[in-house]
Amino acid sequence: GLCSAGLRDRASRKIGVALSHLHLGSSQYQYIAGTEFNSMTAEWQMKWDPIGNDPNTPNFAWAEELMSFAARHNQSVRGHTFIWHSAVPTWVQALENNAPALQAAISSFITSTATHFRGRCYEWDVVNEVIEGDGSYRNTIFYRTLGTTYIADAFRLARAADPYAKLFINDYNIEGVNAKSNALYNLVVSLLAQGVPIDGVGFQGHFIVGQLPTDFAANMQRFANLGLDVSITELDIRMNLPPTAANLQQQAVDYANAFRACYQVARCTGVTVWGVTDLYSWVPDFFPGQGAALLFDEQYATKPAYYSVESVL
Ligand code: XIL
């Protein structure tokens, strides 16, 4: 209703949103981001490519615009993400097959970035999307050049530079029990056995309407049973465009189920949705013909999913 408080005033856990500095010029964007959410993830600005494009001078300016927005609105910050194959600066790509140089570049980036943001992020996604759908290691520049060792190294570097952040491994299509989540589970078990400083698992939650796994909570619980935190880090629920009333209703059911899954797991720290408005969502760019995946439509109007989330908080 007109006078209702924002979602953040009802939520007993973190309720986050991914933001871009590119949209902070919009007062509607700022208003909804600031009043509905109590946690912020930079959608792009804290990845290696934007920060480390120039090998000699890190660019924290875009990230700092978002950090300052978060601070002004009393929001916690999820750091996202040090090691991701889709955000590798060009000069780093050229280090393929040069293990010492790639190792040094990783070391320098994680150390300087985690140090820069030290104490300001409650969680950090240290490595992102390192497992394939079939459960094998993803074939990236990091894996090809360094084997699997870069994963443990990244966590150790992050812990040394920022002992305050909870360190997460983050991925998609791991929400239900399947070959990929089983492989991630085995990886996490082995990292823990080696004493690698890993604190949590991020479940991205990029879903298709009507296709949420029914074992989402149970699957998060098996990771929590290892002594880890879990979090839903990038929730959106896409549909074919244009949206139909039936799909928007199903989306409301799905959003409520995703939030409920988190709240069923004591170690689930919260839910972050991957954007404020359907107007700026990444979905139509990456999944042509699909979209309408968020809680607010292209006019910033609340969708049925907004009210279903409100009712489960
Ligand atoms: C996406 C952003 O939404 C886009 O704006 C950017 O161009 C590419 O990255 N998994 C992740 C996120 O971990 O970082 C991705 O974000 C979406 C998929």
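Start at the ligand in this predicted model, where the surrounding shell is made up, by class, of two nonpolar, two polar and two charged residues. To see that shell, select Glu43, Trp44, Asn128, Gln204, Glu234 and Trp282, which are the residues around the ligand.

From this group, keep Glu234 selected, since the next stop concerns that residue. The UniProt annotation "active site", which comes from an unreviewed entry, covers Glu234, and the residue is found in strand E8, spanning residues 229–240. Is Glu234 buried or exposed? Glu234 has 26 other C-beta atoms within 10 Å, and because the cut-off for a buried residue is 20 or more, it counts as buried. If you now add Ala18, Gln204, Gly205, His206, Thr272 and Trp274, you will have the residues in contact with Glu234, leaving aside its neighbours within four places in sequence.

Move next to the largest nonpolar core, which has 86 residues, and select Phe82, Val126, Ala154, Ala158 and Met220, the residues with the most contacts inside that core. Centre the view on Met220, which touches Phe203, Val230, Ala261, Val265 and Cys268 when residues up to four places away in sequence are not counted.

Finally, zoom out to the whole chain, whose secondary structure comes to 13 helices and 10 strands. The radius of gyration is 19 Å, close to the 20 Å that the globule rule gives for 313 residues, so the chain is as compact as a globular protein of that length. Its C-alpha trace spans about 55 × 40 × 35 Å along the principal axes, and 45% of the 313 residues count as buried. Among contacts with a separation of 6 or more, 76% are between residues 24 or more positions apart.

Methods:
Residues numbered from 1 in each chain as written. Predicted model: local features only at pLDDT ≥ 70, side-chain atom pairs only at ≥ 80, totals over all residues. Core = buried A, V, L, I, M, F, W, Y, C linked by C-beta atoms within 7 Å. Buried ≥ 20, exposed ≤ 12 C-beta atoms within 10 Å, placed from the backbone. Contact = placed C-beta atoms within 7 Å. Near = placed C-beta within 6 Å. Nonpolar A, V, L, I, M, F, W, Y, C, P; charged D, E, K, R; others polar. Helix = DSSP H or I, 4+ residues; strand = E, 2+ residues; numbered from the N terminus. Rg over C-alpha atoms; globule rule 2.2 N^0.38 Å. UniProt positions renumbered as here; feature names shortened; annotations may be inferred.
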